[in-house]
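I opened this notebook to record what I looked up in the structure, entry by entry. The sequence and structure come first.

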Amino acid sequence: MIRRWLGAHLVLVYVFLYVPILVLVGLSFNKAGLPTVWTGFSFEWYGKLLANEKILSAVGNSLFIAAVATIISTVIGTLLAMGLEERRPRIVTEALISAPMIIPDIVMAISLLSFYSLIKLTLGAHSVILSHTAFMISFVCVVVRTRFKHFDRSIIEASIDLGASEITTFRRVTLPVIAPGVIAAALLGFTLSFDEFIISYFTAGPSASSITFPMQIYAMIRFGVTPDVNAVATIVLLVSFFLIFLSQRLNREVAA
């Protein structure tokens, strides 16, 4: 009896989570201009996206910002994870590293904006990249450290005993072992950066190069949800699910 109730509860949870998403995907193929009235199947709105320069420009900005922020945060986060494993940090240090993952985005956004105002930094694409890097480092560090939990450090000692330098040991021994964790962290960071809205909204400047994809979508839905917005959301969902799938596969390899 209990198992049946738990099964029914699981079904209801999945319905609550994914039915709205399925409705959105279905309406993205709606031929009508109204998002709530179905008049036929059509790819019209996907074709119009290719001619929308604002959306294409925003997508390009988001890809650039996410790529740069991912590279920087992956390098810093990986080195931070290695340093923490060497020194065995205290609870306070662990809490400070994990804090950006827990702090609400609105608090992070306001604090970053206040800091930029304090140092008189002109806002633009560079400020968005710095902001995304700031909160992504923690995610990268945590994911990479999970790989070190299953890392046999004796192979590093063996490499050094055989005469290899620290750089050679890192390049030929450490890095290949932690690579799945680093790649999974990079994929997770890229997804978080591409989807981030609140921090981007607060730290972006007036220039067109700092207008990210989520910000452009927000500007579009202020006047109502249209089928082209549904089409954009569907594409983002597919890309996000694909990146999450890759991240989960790599995390399984890390856990193994």
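How do the residues of the lining of the largest pocket divide into nonpolar, polar and charged? I worked on a predicted model, and there I counted 15 nonpolar residues, three polar and one charged in that lining.

**Entry 1. The largest pocket**

I noted a volume of about 350 Å³ for the largest pocket. Its lining comprises 19 residues, and those closest to the pocket centre are Asp 195, Ala 233, Val 236, Leu 237 and Ser 240. I then asked which elements give two or more residues to this lining. They are α8 (166–195), α10 (213–221) and α11 (227–255). With nine residues, α11 makes the greatest contribution to the lining of the largest pocket.

**Entry 2. The second largest pocket**

For the second largest pocket I recorded a volume of about 290 Å³. I found 17 residues in its lining, and Val 59, Phe 194, Phe 213, Ile 235 and Val 236 lie nearest its centre. Val 236 is thus listed by the centre of the largest pocket and by the centre of the second largest pocket. Which elements each supply at least two residues of this lining? I listed α2 (44–49), α3 (53–87), α8 and α11. Here too α11 gives the most, with six residues. The lining of the second largest pocket divides into 15 nonpolar residues, two polar and no charged.

**Entry 3. The chain as a whole**

I turned next to the overall architecture. How many helices and strands does the chain have? I counted eleven helices and zero strands. Along the principal axes, the C-alpha atoms fill a box of roughly 70 × 65 × 35 Å. Of the 256 residues in the chain, 37% are buried.

**Entry 4. Helix α6: His 132 and Thr 146**

I looked up two residues of one helix. His 132 is found in helix α6. Is His 132 buried or exposed? I entered His 132 as buried because its relative accessible area is 1%, under the 20% limit. The side chain of His 132 makes a polar contact of 2.7 Å with the side chain of Ser 200.

Thr 146 also has its place in helix α6, which covers residues 125–148. Its relative accessible area is 34%, so I entered Thr 146 as partly exposed. A polar atom of the Thr 146 side chain lies 2.4 Å from the backbone oxygen of Val 143. I also checked Thr 146 against Gly 181: the two are 35 residues apart in sequence, and their C-alpha atoms are 7.5 Å apart in space.

**Entry 5. Aromatic pairs**

I obtained a count of 14 aromatic pairs. One of them joins Phe 41 and Phe 43, an edge-to-face pair with 5.2 Å centre to centre and 85° between the planes. Both Phe 41 and Phe 43 are exposed. I also examined Tyr 201 and Phe 202, whose ring centres are 6.2 Å apart; their planes stand at 70°, so this pair is edge-to-face, the angle being over 60 degrees. Tyr 201 counts as partly exposed at 45% relative accessibility, and Phe 202 counts as partly exposed at 27%.

Which residues form one aromatic cluster with Phe 41 and Phe 43? I noted Phe 29 and Tyr 46 as the other members of that cluster.

**Entry 6. The salt bridge**

How many salt bridges does the count come to? I found one. In general, side chains of opposite charge can pair when their charged atoms come close. The side chains of Lys 48 and Glu 44 meet in a salt bridge, at 3.2 Å from N to O. Why are these two residues separated by about one helical turn? I noted that Lys 48 and Glu 44 are so separated because they are four residues apart in helix α2. Lys 48 is partly exposed at 43% relative accessibility, and Glu 44 is partly exposed at 32%. I closed the entry with a cross-reference: helix α2, which holds this pair, is among the elements that each supply at least two residues of the lining of the second largest pocket.

Notes. Residues are numbered from 1 along each chain as its sequence is written. This is a predicted model: local features need pLDDT of at least 70, side-chain atom pairs count only at pLDDT 80 or more; totals for chains, interfaces and linings use all residues. Side-chain values use heavy atoms; hydrogens and water are left out. On a 1 Å grid over the protein atoms alone, a cavity is a set of points where a 1.4 Å probe fits but cannot get out, and a pocket is an open set with protein on both sides within 12 Å along at least five of seven lines; lining residues have an atom within 4 Å of a point. Grid points are joined across faces, edges and corners, and a volume is the space filled by probe spheres set on the points. Ala, Val, Leu, Ile, Met, Phe, Trp, Tyr, Cys and Pro count as nonpolar, Asp, Glu, Lys and Arg as charged, and the others, Gly among them, as polar. Buried means under 20% relative accessible area, exposed over 50%, partly exposed in between (1.4 Å probe, protein chains only). A polar contact is a pair of N or O atoms within 3.5 Å; within protein, one must be able to donate a hydrogen and the other to accept it, and residues adjacent in sequence count only if both atoms are side-chain atoms. Rings of Phe, Tyr and Trp (its six-membered ring) pair if their centres lie within 6.5 Å; planes under 30 degrees apart count as stacked, over 60 as edge-to-face and the rest as tilted. A salt bridge is a side-chain nitrogen of Lys or Arg within 4 Å of a carboxyl oxygen of Asp or Glu.
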